[in-house]
Amino acid sequence: MNVYQSLEEIKSIKRPVLTLGMFDGAHIGHQSILKQLNTIAKEIDGESVLITFNPHPRMVLQPNCDLKFIYTLNEKEEALEKLGLDHLIIHPFTKEFSQLTSLEFVRDLLVNQINIHTLVIGYDHHFGKNREGNYEQLEILSKEYGFQLVQIEAVDCDDIAVSSTKVRKALTEGNIAYVNEALGTNYPLSGVVVHGDKIGRTLGFPTANLRVNNLKIVPAHGVYSVNVFVEDKKYLGLLSIGVRATVTNSHELRIEVNILDFNEDIYGKTIRLEFLDKIRDEKKFNSLDELIATMNKDKENAIRLYGKKPSQY
């Protein structure tokens with residue numbers, strides 16, 4: 001997959017079959033669009049193209065918004081490459097760029113600069129200044145400028161049309177089962193292992209404390225079963241997200257993972273997690289003994305469901 005940091009970097013793309021959008025999460029709705037994109041490109045001996053933006057338009061137009069993302073930019077690039085995309089254009093989104101009308105965007109960029117053959121869009125797509133552009137306008141412009149137009153219907157998950165907004169909401173609620181179904185893969189979270197206060201090891205559950213990207217959505221407080229990827233091996237882990245109310249009065253959010261069958265020094269290393277399921281909500285226990293008993297039960301449940309042997313990946 002070729003990656004460009006702006007529209008100006010593009011040289012020549014053969015019969016571009018193009019779509020555009022943020023594609024945060026690259027969920028099954030996005031995957032449906034990309035599948036159609038790649039199918040059309042193959043049929044006409046063309047190439048598939050996605051235009052996305054960085055930063056997110058809302059961060060430019062609403063600078064005080066507290067927007068966090070399903071995927072980091074790197075995670076999104078990796079997901080799109082796996083889905084067979086030929087070209088990814090990550091165009092800088094600025095206030096000046098936001099003033100382009102839908103007509104100017106289509107005529108000046110898609111037609112004159114990229115010379116698109118086919119435009120593929122989702123069922124609810126809007127674009128251009130004040131999101132004025134819609135499917136009806138694109139129908140008119142496609143006839144005027146001679147490109148094909150294809151609209152993709154919504155893809156459902158649990159009988160509800162999938163969207164990045166719904167996935168974000170599910171993450172904040174800890175609904176990992178829905179998130180993984182909507183993404184078509186396990187939700188990823190990466191972080192650098194940093195020093196903590198080492199309380200976990202005194203309880204028999206040593207943990208790796210993680211510092212994660214501050215623009216990445218961290219799921220709701222609770223305990224989760226996760227796959228943990230350390231260098232070339234995959235392990236089962238128990239991830240705790242919360243303030244550890246039983247053992248400390250601090251209100252600082254901690255993200256810490258107990259990696260089963262693992263005893264190595266990984267401080268300063270980046271490890272990657274994949275969420276399997278939520279085990280339980282965060283809870284303040286009446287005693288450390290009650291906490292330890294519950295943690296052992298969490299471990300037993302995770303092993304019963306997912307196993308614990310390290311493996312190559």
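**Exercise 1. Place Leu276 in this predicted model and decide whether Leu276 is buried or exposed.**

Step 1. Leu276 sits in strand β14. The model is predicted.

Step 2. Its relative accessible area is 15%. Buried means under 20%. Leu276 is therefore buried.

Step 3. Leave aside neighbours within four places in sequence. Leu276 then contacts Ile176, Asn180, Asn186, Ser225, Val226, Asn227, Leu236 and Tyr306.

Step 4. Take one pair far apart along the chain. Pro188 is 88 residues from Leu276, and their C-alpha atoms are separated by 9.8 Å.

**Exercise 2. Describe the largest nonpolar core and find which residues touch the most other members.**

Step 1. This core has 37 residues. Leu239, Ile271 and Phe275 touch the most other members.

Step 2. Elements giving two or more residues include α7 (164-172), α8 (176-183), β12 (233-242) and β14. The largest share, five residues, comes from α8.

Step 3. Look at Phe275. Residues up to four places away are not counted; among those it touches are Ile176, Tyr187, Leu189, Pro219, Tyr224, Leu239 and Ile241.

Step 4. Set a second core apart. It is separate, has 27 residues, and includes Leu7, Ile51, Phe97 and Val111.

**Exercise 3. Characterise the second largest pocket: how many residues line it, and which lie nearest its centre?**

Step 1. The pocket holds about 590 Å³ of space.

Step 2. Its lining has 27 residues. Tyr71, Glu75, Glu78, Pro188 and Arg272 lie nearest the centre.

Step 3. At least two lining residues come from each of α3 (73-82), β9 (188-194), β10 (208-212) and β14 (270-280).

Step 4. By class, the lining has nine nonpolar, 11 polar and seven charged residues.

Methods: Residues numbered from 1 in each chain as written. Predicted model: local features only at pLDDT ≥ 70, side-chain atom pairs only at ≥ 80, totals over all residues. Heavy atoms only, no water. 1 Å grid on protein atoms, 1.4 Å probe; cavity = no way out; pocket = protein on both sides within 12 Å on 5 of 7 lines; lining within 4 Å. Points joined across faces, edges and corners; volume = space filled by probe spheres on them. Helix = DSSP H or I, 4+ residues; strand = E, 2+ residues; numbered from the N terminus. Nonpolar A, V, L, I, M, F, W, Y, C, P; charged D, E, K, R; others polar. Core = buried A, V, L, I, M, F, W, Y, C linked by side-chain atoms within 4.5 Å. Buried < 20%, exposed > 50% of the residue type's maximum accessible area, 1.4 Å probe, protein only. Contact = heavy atoms within 4.5 Å.
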